[in-house]
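Biologist: Please take a close look at the aromatic side chains of this protein and at the parts of the fold around them. I would like one connected account.

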Amino acid sequence: MGKKKSTDGIPQLDRARQTPLSRQVYERFRTAIEQGTLHPGDRVASARNLASELGVARGTVEAAYNQLAGEGYLLSRGQAGTVVSPSLPQHRPARREPRRADAADAALAPAAAPPPLQLGIPALDAFPRKLWARLAARCVRATTAADMFYGEPAGHPPLREAIAAYLLVSRGVSCHPSQVLVTGGYRASLALVSRTLLKKDDRVWIEDPGFPPTQDVLHAAGHRTVRVPVDDEGMVVARGLRRAPKARMAIVTPSHQAPLGMSMTLARRLQLLEWASQANAWIVEDDYDGEYRYAGSPLPALKSLDGQDRVLYAGSFSKVLYPGLSLGYLVVPESLRARFEEAVRTWSNGCPQITQAVAADFLREGHFSRHLKKMRLLYARRRAMLVAALLKAFGDAVRIDLQSGGMHLIARFDARSESDMELAARAQKAGLNCQPLSERGTAGVCGKGLLMGFTNVASSAQAQQLATKLRAALA
């Protein structure tokens with residue numbers, strides 16, 4: 001018979017807690033056993049005696065003992081009493097308590113609205129929520145058993161057809177719907193391209209400065225990126241030829257270079273296409289916000305000049321609708337269609353069918369083109385409001401780079417001695433999500449400045465408020 005242990009090591013119950021008393025008794029015995037205060041074979045107090053000692057009902061203690069016995073901590077021996085299970089090891093590793101909420105749990109917090117001047121976020125206040133909700137409700141009501149089955153991994157056929165029709169009219173890209181693959185966004189598109197066309201250690205040209213996620217995806221896949229400088233005409237193809245003439249791929253943003261904003265000239269586009277043809281390489285055209293131009297019509301896509309089928313065109317709905325959709329698309333050359341279809345069947349179940357169905361209706365019924373027209377006018381006004389507010393707040397101390405399109409501007413404070421990373425840190429501490437330009441490229445390649453999104457600046461008053469707040473943060 002095991003030696004009887006007293007209950008002195010069992011703390012008194014806390015009746016102020018919401019935790020039931022039987023649960024508190026259970027937790028205290030479990031902790032005592034796991035920490036070695038109670039050992040295998042030790043006898044515990046009877047339910048009646050412990051209930052009297054703790055001032056609770058006998059049933060409360062019995063409920064705790066029953067749970068402990070059910071989990072193997074205690075063993076009832078009838079008239080001989082209840083003991084800590086002899087089958088437990090003498091030294092049990094302490095149970096790790098659930099991790100308390102801390103900074104690492106921030107990702108589990110409820111979603112918050114994007115902070116002011118956030119890059120890459122469309123005007124959320126101007127999205128036609130009621131129209132989208134009506135289309136979504138109609139799609140749900142029309143759902144059939146077939147719609148509830150696994151969809152086509154390459155994408156919902158009506159959406160692929162709608163995207164192909166839109167690209168032909170708006171971006172000059174001629175493709176069959178079967179060449180359009182629906183993805184979870186730009187990163188997903190690039191990862192699919194990487195997995196399908198590249199091998200480990202293959203070299204890839206990327207723009208310098210450029211879009212950080214491009215390099216992140218490529219490095220994670222084991223590829224070697226070659227930074228190719230950008231000037232006023234776009235990627236300097238001649239520099240790429242000197243650095244890595246046998247690279248397997250180039251990734252460019254020809255319509256609106258990320259982040260500097262210029263458009264790649266026709267001469268540079270033709271040079272890039274010629275290199276790809278001669279080197280048997282591929283080009284990924286990231287047309288992330290080519291729809292937004294405030295002077296003249298949107299430029300044709302690089303893909304529209306592709307006579308040798310070397311360009312893969314990547315688009316996204318994140319910046320033209322809203323990022324929470326997590327929908328993008330990839331147009332592949334006809335010669336690669338079967339290869340990519342096999343890849344998506346191997347690696348993906350596709351995007352949610354109901355989301356794709358709503359997006360398809362939004363495009364096919366003309367809402368998308370009307371929405372884009374509205375956004376171009378709105379963004380032109382909002383950009384002008386932010387520029388005016390910055391100039392009023394900073395005067396000659398700020399120089400603003402404005403290109404013909406895009407969703408952000410670059411504010412340069414050339415006379416400041418601090419780095420743009422220091423300036424960005426001050427702005428962010430004040431709640432303004434400005435980003436340092438210098439982090440987007442190698443040292444000195446693009447100078448220093450602050451990247452600011454203007455699409456969610458709703459009024460002149462708000463623009464002035466943000467500019468005043470930024471001036472105070474940088475003072």
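Modeller: One aromatic cluster is made up of Phe127, Trp132, Tyr166, Tyr313, Phe317, Tyr322, Tyr329, Phe362 and Phe368. The model is predicted, and every value below is computed from it. With ring centres required to lie within 6.5 Å, the count comes to 16 aromatic pairs. One of them joins Tyr186 and Phe211, whose ring centres are 5.9 Å apart and whose planes make an angle of 50°, a tilted arrangement. This pair links distant parts of the chain, since Tyr186 belongs to helix α6 (residues 186-197) and Phe211 to the loop between β5 (203-208) and α7 (212-220), with the two positions 25 residues apart in numbering. The two partners do not have equal access to solvent: Tyr186 counts as buried at 12% relative accessibility, while Phe211 counts as partly exposed at 33%.

A second pair, Phe317 with Tyr329, is also tilted, with 5.5 Å from centre to centre and 55° between the planes. Phe317 is in the loop between β10 (311-316) and β11 (328-331) and Tyr329 is in strand β11 itself, so the contact of the rings ties together parts that are twelve residues apart in sequence. Phe317 has a relative accessible area of 2% and is buried. Tyr329 is buried as well, with a relative accessible area of 2%. Both residues are members of the cluster named at the start.

Two other rings carry a charge over the face. The charged end of Arg310 sits 3.8 Å from the ring centre of Trp282, over the ring. Arg195 lies over the face of Trp347, with a distance of 4.4 Å to the ring centre.

Trp282 leads into the sheet, as strand β9 covers residues 282-286. Five of the five residues of β9 are buried, so this strand is largely enclosed by the rest of the structure. From β9, the side chains of Trp282, Val284 and Asp286 point one way, and those of Ile283 and Glu285 point the other way. The buried set therefore includes two acidic residues, Asp286 and Glu285, on opposite sides of a strand whose five residues are all buried.

On one side, β9 pairs with β8 (residues 249-252) in the parallel sense, over four bridges. Val252 is opposite Glu285 in that pairing. Between these two strands the chain passes through helix α9 (residues 266-279), and β8, α9 and β9 together make a right-handed β-α-β unit. β9 also runs parallel to β10, and four bridges join the two. Here Glu285 stands opposite Tyr313 of β10, and Tyr313 is again one of the residues of the aromatic cluster.

These strands belong to an open sheet of eight strands with mixed pairing, in the order β4-β11-β10-β9-β8-β5-β6-β7. At its edges are β4 (180-183) and β7 (234-235), each of which pairs on one side only. At the β7 edge, the strands β6 (residues 224-231) and β7 run antiparallel and are joined by two bridges. Asp231 has Gly234 in β7 as its bridge partner.

At the other edge, Gly184 lies in the loop between β4 and α6. Gly184 is partly exposed, with a relative accessible area of 40%. Beyond its neighbours within four places in sequence, Gly184 is in contact with Ser326, Leu327, Gly328 and Cys351. Gly328 is in the range of strand β11 (328-331), so one of these contacts reaches the strand that also holds Tyr329. The C-alpha atoms of Gly184 and Ala220 are 18 Å apart, for a separation of 36 residues along the chain.

Cys351, one of the contacts of Gly184, raises the matter of cross-links. A search of the whole structure finds zero disulfides. Cys351 is accordingly in no disulfide, and the nearest cysteine sulfur, in Cys139, is 16 Å away. Cys351 counts as buried at 11% relative accessibility. Cys446 is also buried, at 9%. Its closest cysteine sulfur is that of Cys434, at 16 Å, which is too far for a bond.

Methods: Residues numbered from 1 in each chain as written. Predicted model: local features only at pLDDT ≥ 70, side-chain atom pairs only at ≥ 80, totals over all residues. Heavy atoms only, no water. Phe/Tyr/Trp six-rings, centres within 6.5 Å; stacked < 30°, edge-to-face > 60°. Buried < 20%, exposed > 50% of the residue type's maximum accessible area, 1.4 Å probe, protein only. Lys NZ or Arg CZ within 6 Å of the ring centre and 35° of its normal. Pairing = 2+ DSSP bridges. Disulfide = S-S within 2.5 Å. Contact = heavy atoms within 4.5 Å. Right-handed = clockwise from strand over helix to strand, strands pointing away.
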